[in-house]
Structure formats: C-alpha cells, structure tokens
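Thanks for coming. I will go through one protein chain, beginning with the whole and ending with single residues. Please look at the model while I talk.

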Amino acid sequence: MYLMKKRPRRTRKNQSIRNLVAETALPDASQLIYPVFIQEGRNYAQEIASMPGQFRMSVDTLLQRMATWKKLGINNYALFPNIDDKLKNAKSTEALNANGFLYQAIKKIKDRYPEVNIFADVALDPFNSDGHDGLVENGEIVNDKTIEVLSRMSVLSAQAGADFVCPSDMMDGRIGKIRKALEAEGLINTGIVAYSAKYASSFYGPFRDALDSAPRAGDKKTYQMDFRNSREAIKEIELDIQEGADIVMVKPALSYLDIISQAKRHFKYPIAAYNVSGEYAMVKAAGKNGWLDETKAMIEILTSIKRAGADIIFTYHAVDYAKLRDEQ
Ligand code: PBG
C-alpha cells in the first residue's frame, strides 16, 4: 500500500474539476488579429498553395468576407499587399505612392467598416525588387535611408486610416523615427505595433510564397534576429518601448514561447505574438494527412501562446478558431 500525500491527479479527475483549476482560459476571438493578403483586381480569391484556407483576395472580396468574420467577433486585421511585379523596383517607390493600391485598400476597408481595426504592415519587401525589408545598396541593406522611407510609408498608412502601423522590418531606430513622423503630421492617435523580437526564421516560407517576396539574394540575418539569442530580444523590445511603441511583438511564436514569457515578465506593455505562416502550414499539412487532429492542435497552439504570456495573437487560424468558439 502506498500512502501518498500528494496526488496531482486528484485535480484532473473530471472536466469540471479541470475547469476549476485551469490557469489559462482559451483565447477569445477578440484577442486575435487576422492577417490577410490583398491584391489588385475584382471578385478575386486565389488560395495560397502552402497555406490551405488562406487566400490572396481583391478588396471587394475581402469586404464581403469580412462581413461574416466580423459576426464571428474578428475585428482586427493585419494587411499584407501582394504588389504587381511591374511596380516593384530597387527604390520601392510604389510604397510611397499615396494613391497606390495599399492605401486605397485601407481607405476602402475603413470607409465600409469604421469599427474594424486595421494593422498596416510597414516594411519594403512587398514593394522591393530585391525582396528585402530595406533598401539594398551594393549588397548592403542600408538602415538610415530605409527608415526614412518607412516613416513616410507609416504616415501614408495612417492618413489612409490605419489604426496601427506595424513595422516588421527590424531596422534600427525605426520606431522613434516613425513616432516622430506621425506626431509631426498630427497623427497622434495612430498606434505602433513593433515587430520587436523578430527572428530570422525558416517559418516565414509560405508567407513569402503568398507575396512572392523572398529575398532575391542573401538572407535577412543582418536585420532579423539570430535564433540562438534571448537577451537580445529583451534589448530590442526595450529599445522599441523607449522609442514609442504601444504594443511589442515576438515572432514567430512557437519556437519562441520562452521569449514571449520573458517579455511578459520584463515589460508592462501588451505583448503580441505572431503565429506565423510556417507554423500554420505544418498543422494544415499534418491535418490533411491524418497525422494529427487539426482542430485540437489549433486550440492547443493558440492556448499555449496565451499561456506563455501573449496578450494578442496574430494568427491565420483566426476564422476557423472563431467559428469553433461560436459553435460552442
Ligand atoms: C516581412 C514580413 C514577413 C512576415 C510578416 N512580415 C516575412 C519576412 O520577414 O520575410 C512573415 C509572416 C508569416 O510568415 O506569417 N516584412
């Protein structure tokens, strides 16, 4: 006979007990930001091969679908434009075209659904013929000229109606530069979500398919972080907060739950995590093959990101997850 004082299984005895002692509630759809891919055209939706269930859409199609998504409680959207190859060049000039596709799209969405929050990505890769987040000169991704362009891009997004601008480029000093530019234009209510601890990751592969934005030469390791580091993430987040970020992000999420958890402990700022394209693709691919239960995996993944400390989750699962919660 074992006389055990401690039997942790007692608090796992049945679902109601498990619910009583649960430390983390399942994320709510209101805590999710849904990233969507838009492109020029009408009545257009093309599924992205490496991201089943996700589409490149024309804005009219997006607006139609948003009506349904909003009913499910998804009110926050991150926008990523797929720019026509003909408009891409080394200087990323299309990023500064005030009448360009991206800014028109933001306007249309905010005109139709003023209550929806638009998180406008700020980086040059969709517009840049080199496929880098910054300007390339003689093989170098130049910092200071890039942040000049990014700050003008941020002003254009904000003027078009973006609620938050989201620099995803990892150049030095860009948050300060952007905050200053927004203030100078009187755009004092536009927030900044800083992609602060963004790692050079293989998990961005499907996203680069979606936008045809893979670097034409080299990789992104001189600006995105080295995945061997965690103290450096704290440094990056600290700088972005000092420079004026409202929300800071760790990206990707799943291989970086330790970073999310450290960020949560260190900073009194909302922490976002980006459950990226490759993380989504793995679940979809394994699910399709019957190798795991896609729905259960999705719930476990989103809850674990929240448990690690994320307040906000960018995720391609947003619609599927919100549907599921809606049915419950
Ligand atoms: C680029 C950007 C990337 C993602 C968001 N913004 C890709 C990259 O840095 O190469 C990745 C998102 C995802 O994989 O879901 N500015």
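Of the 328 residues in this chain, 53% count as buried. Keep in mind that this is a predicted model.

Let me stay with the whole chain for a moment. The chain has eleven helices and twelve strands. Along its principal axes, the C-alpha trace spans about 75 × 45 × 40 Å. How does the radius of gyration of the chain agree with that of a compact globule? A compact globule of 328 residues would have a radius of gyration near 20 Å, and the chain has 20 Å, so the two agree.

Next, the contacts. Take pairs of residues in contact that are at least 6 apart in sequence: 73% of those contacts join residues at least 24 apart.

Now the surface. The chain exposes about 15800 Å², and carbon and sulfur atoms supply 49% of that area. As for charge, there are 45 positive and 42 negative side chains. The centres of the two sets lie 8 Å apart.

On to the inside. The largest nonpolar core has 85 residues. The residues with the most contacts inside this core are Leu62, Trp69, Tyr77, Leu79, Ile106 and Ile260. Which helix gives the most to this core? That is helix α4, residues 143-160, with eight residues. Apart from this core lies another one, of 23 residues, with Phe119, Tyr195, Phe314 and Tyr316 among them.

Leu79 is a good one to click on. Leaving out residues up to four places away in sequence, Leu79 touches Val36, Ile38, Leu62, Leu102, Ile106, Ile109, Ile118, Phe119 and Asp121. Two of the names on that list, Leu62 and Ile106, we already met among the residues with the most contacts inside the largest core.

Now please find helix α11, residues 318-327. Its buried residues are Ala318, Val319, Tyr321, Ala322 and Leu324. What do the buried residues of α11 pack against? They pack against strands β1 and β12 (312-315), and against helices α2 (59-71) and α10 (294-308).

Some single residues next. Leu124 sits in the loop between β5 (117-122) and β6 (135-137). Is Leu124 buried or exposed? Its relative accessible area is 0%, and buried means under 20%, so Leu124 is buried. Beyond its neighbours within four places in sequence, Leu124 is in contact with ten residues you can pick out on the screen: Ser92, Ala95, His132, Asp133, Gly134, Leu135, Thr146, Val149, Leu150 and Met153. Tyr2 is 122 residues from Leu124 along the chain, and their C-alpha atoms are separated by 65 Å.

Ser168 is also in a loop, the one between β8 (164-167) and α5 (174-184). Ser168 counts as buried because its relative accessibility is 4%. Not counting residues up to four places away in sequence, Ser168 touches Asp121, Val122, Ala123, Asp133, Tyr195 and Lys198. Asp133 is also in contact with Leu124.

Gly287 lies in helix α9, residues 277-288. Why does Gly287 count as buried? Its relative accessibility is 18%, and the cut-off for buried is under 20%, so Gly287 falls on the buried side. Outside its neighbours within four places in sequence, Gly287 is in contact with Leu292 and Glu294. Gly287 and Glu300 are 13 residues apart in sequence, and 14 Å apart in space, C-alpha to C-alpha.

Last, some backbone details. Asn43 has a positive phi of about 50°, although it is not a glycine. Asn43 is found in the loop between β1 (32-39) and β2 (45-47). With a relative accessible area of 66%, Asn43 is exposed. Asn138 also has a positive phi of about 50° and is not a glycine. Its loop runs between β6 and β7 (140-142). Asn138 is exposed, with a relative accessible area of 85%.

One peptide bond to look at before we stop: the one from Lys251 to Pro252 is cis, with omega near -15°. Where is Pro252 found? Pro252 is in the loop between β10 (247-251) and α8 (257-266).

Methods. Residues are numbered from 1 along each chain as its sequence is written. This is a predicted model: local features need pLDDT of at least 70, side-chain atom pairs count only at pLDDT 80 or more; totals for chains, interfaces and linings use all residues. Side-chain values use heavy atoms; hydrogens and water are left out. Helices (H or I, at least four residues) and strands (E, at least two) are DSSP runs, numbered from the N terminus. The radius of gyration is taken over C-alpha atoms; the globule rule is 2.2 Å times the number of residues to the power 0.38. Buried means under 20% relative accessible area, exposed over 50%, partly exposed in between (1.4 Å probe, protein chains only). Contact means heavy atoms within 4.5 Å. Accessible areas come from the Shrake-Rupley method with a 1.4 Å probe; for residues, only the protein chains shown count as cover. Lys and Arg count as positive and Asp and Glu as negative; His and the chain ends are not counted. The place of a charge is taken as NZ of Lys, CZ of Arg, CG of Asp or CD of Glu. A nonpolar core is a set of buried Ala, Val, Leu, Ile, Met, Phe, Trp, Tyr and Cys residues joined through side-chain atoms within 4.5 Å.
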